[in-house]
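Hi everyone, thanks for coming along. I'd like to walk you through a structure today, and please have it open on your screen while I talk.

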Amino acid sequence: MTYLVTLISAIVVNNFVLTYFVGICPFIGVSKKIDSALSMGIAVTFVMTITAIVTWIINHYVLIAFGLPFLEYVSYIVVIASLVQFVEMFIKKTSPALYKTLGIFLPLITTNCAILFVALIQAMRNLGFIESVVQGFGAGVGFTLAIVIMAGIREQLEVADIPKPFRGAAITLITAGILALAFMGFSGLTSA
Amino acid sequence: MRKMIIVLTAVMVLSGLVLAATYTSLSPRIEANRVAALNASLASIFADQVADVADLEFEELDTDGPTVYRGSAGDGALLGYAVRVQTQGYGGTITMLAGVAPDLETILGIEVVEQIETPGLGGNITNESFKQQFEGLSTREPIEYVKNIEPSKADNEIQAISGATITTKAIVNGTNSTLDRAIEIIRRQVQ
Amino acid sequence: MADTATANRSITTEFMKGIVRDNPVFVQVLGMCPTLAVTTSVANGIGMGLATTFVLLFSTVIASMLKNIVPNQVRIPVYAVVIATFVTIADLVLKAFFPPLSASLGPYVPLIVVNCIIMGRVEAFATRNSPGPSIIDALGMGAGFTVSLMVLGAVREILGNGALLGIQLFGEGFTPMLVMILPRERSSRSVFSWQSSTR
């Protein structure tokens, strides 16, 4: 039951993009079309889930076991960079079309704050193994949710008549702000 | 290929050494900061019991459950125990300390250590007026909260924060369950 | 004489571009994560800005010094490790000497590791220039970032708290717009020891 709570919490209540404000770069960069947004979301969810697993193992069997808390950030980023490298090679081999759609944004998943945040949260809150995996997966689903909603809105905005000063980054950020306000409605859903 | 591995390994080894050195030199200070902050929170629970707060001494008990601190005065007299409570509030996790008297029957008070509740609403749990309500309550029955009516100390009641029922509920439920477990553990240890 | 004048002007231009023309936050739209998350007050903005500038400065200088030694295929992991090292140092220094600021900024300090600004400058500038100009570029970008965070922090602090740098500006009658300063996740390891918080 607690896993369900963790899952829902990670997807809507504490949505990584709209509540914690991580993963904003790809959120703004890849949300122009629903297709690419969905692909990005799936790739990120995959990387996040595996990151949760690997960093949990490293945290408990290396960092805590040997008393090396100062190696936390370095080890996490090495894990994430390698993971993204593998995912990139895998996608290139299995689906060249998808590889081309995601383009430059695939390697950029490495610098996606959200992935590192998954690793940090698992350590900060001292989650158990399964809870950590659920958290990572839920965070990815939440990210996908946010980015797909954003893409849907932006596709509509493409054909709207926006005043000149608001075009581009401005209207995107305003939309993101309104989305974040809307998601505040989920606050308190998973309290004691 | 070989150069790649050498460079990468060299960088990582260097990074590890630099960080180990920095950590070793700074960690005593970081630990001192942490202890000072912890002692400040613990002191506020026992502040009424001593003339000089500097006399207080704390010792963490070895438990397999909630974290419990034993508070004593400078002369060794037992002042009570402080239990760490963690509960899910409205905005996030609330971390607080609940103090109990040496007889394990009376609550000395609470101190909120960390919270990210809404400022002005749930955030008011850090106000003296809210925290004081817990002083003198009993551990023999669960604490309850009431809304819109005067709380009765005899019935172990406190007044909920207006507009922040979820936060109040989190604190009350968390304190009840954690104190129950902690008191059982303390009783076993004292015997 | 003319040469020195040109050289001086170019240093100033290099520095200023980070503040105005190529401002990382408002023009390049980089480093959004900390910008949105920690600017609840001017003090937080300054703290985060300076910490990021520290990491930016040392990372770009080291990257610039290593640019001819590091093989191309491993450059991203190598620079990532360098950046993560300086972020860890910054984090430890904050915890040791500025504990309240460290608690305020919380998990967003380690997020400096993936701050697009740092990797962006390393890739775009430091690896193509020598350490000297890289320092100026880093300081300029860092200053621009800090200034942007301060501006945002000021707006949010004034509207959300009625204060600036902790000093109350308005009287009792001012009702702050709390939505401007709603708190975010904090690191829950600040007061209780690492080992004991595993229960």
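I'll go through two of the chains one at a time, and then turn to where chains touch. Before anything else, please keep in mind that this is a predicted model.

Let's begin with chain A. How many helices and strands does chain A have? The count is eight helices and zero strands. So if you trace chain A from start to end, you read α-α-α-α-α-α-α-α. What about its overall spread? The radius of gyration of chain A is 17 Å, and the globule rule gives 16 Å for 192 residues; the two values are close, so chain A is as compact as a globular protein of that length. Along its principal axes, the C-alpha trace of chain A spans about 60 × 45 × 30 Å. Of the 192 residues in chain A, 47% are buried. Now think about contacts in chain A between residues at least 6 apart in sequence: 82% of these join residues at least 24 apart.

Let's zoom in on a pair of helices in chain A. Find α3(A), which covers residues 34-66, and then find α7(A). These helices pack at an angle of about 165°, and their axes are 8 Å apart. Are they roughly parallel or roughly antiparallel? An angle over 145 degrees counts as roughly antiparallel, and therefore that is the word for α3(A) and α7(A). As for handedness, the crossing of α3(A) past α7(A) is right-handed. The contact of α3(A) with α7(A) has 19 nonpolar residues, along with ten polar and one charged.

Staying in chain A, here are some individual residues to click on. Start with Phe21(A), in the loop between α1 (2-13) and α2 (24-29) of chain A. Phe21(A) is not a glycine, and yet its phi is positive, about 55°. Is Phe21(A) buried or exposed? With 26 other C-beta atoms within 10 Å, Phe21(A) is buried.

Next, go to Asn126(A), in the loop between α6 (113-124) and α7 (129-158) of chain A. Asn126(A) also has a positive phi, near 50°, and is a residue other than glycine. Its surroundings are described in another way: Asn126(A) is partly exposed, with 17 other C-beta atoms within 10 Å. The cut-off for buried is 20 or more, and that is why a count of 17 leaves Asn126(A) partly exposed.

One more residue, Ser75(A), takes us back into a helix, namely α4 (residues 72-94) of chain A. Ser75(A) is buried, with 21 other C-beta atoms within 10 Å. You can pair Ser75(A) with Thr55(A): they are 20 residues apart in sequence, and their C-alpha atoms are 8.3 Å apart in space.

Now let's move to chain B. Here the secondary structure comes to three helices and seven strands. Along the sequence, the pattern reads α-β-β-β-β-β-α-β-β-α. The radius of gyration of chain B is 21 Å, well over the 16 Å that the globule rule gives for 191 residues, so chain B is more spread out than a compact globule. The C-alpha trace of chain B spans about 75 × 45 × 30 Å along its principal axes. As for burial, 36% of the 191 residues of chain B count as buried. Of the contacts in chain B with a separation of 6 or more, 51% are between residues 24 or more positions apart.

Finally, the places where chains meet. Between chain B and chain C, the contact takes 34 residues from chain B and 27 from chain C. Which elements of chain B give two or more residues to that side? They are α1 (2-46), β4 (93-100) and β5 (107-114) of chain B. The largest share comes from α1(B), with 19 residues. By class, the side of chain B that touches chain C has 16 nonpolar, twelve polar and six charged residues.

Chain C also meets chain A: 29 residues of chain C are in contact with 23 residues of chain A. On the chain C side, α2 (32-38), α4 (75-97) and α6 (116-124) each supply at least two residues. The largest share there is nine residues, from α4(C). That side of chain C divides into 20 nonpolar, six polar and three charged residues.

That's my tour, so thanks for listening, and I'm happy to take questions!

Key
Residues numbered from 1 in each chain as written. Chains lettered and ligands numbered in written order. Predicted model: local features only at pLDDT ≥ 70, side-chain atom pairs only at ≥ 80, totals over all residues. Helix = DSSP H or I, 4+ residues; strand = E, 2+ residues; numbered from the N terminus. Rg over C-alpha atoms; globule rule 2.2 N^0.38 Å. Buried ≥ 20, exposed ≤ 12 C-beta atoms within 10 Å, placed from the backbone. Contact = placed C-beta atoms within 7 Å. Nonpolar A, V, L, I, M, F, W, Y, C, P; charged D, E, K, R; others polar. Axes fitted to C-alpha atoms, helices over the stretch in contact; angles between N-to-C directions. Parallel < 35°, antiparallel > 145°, perpendicular 65-115°, else oblique. Left-handed = near helix turned anticlockwise from the far one by under 90°.
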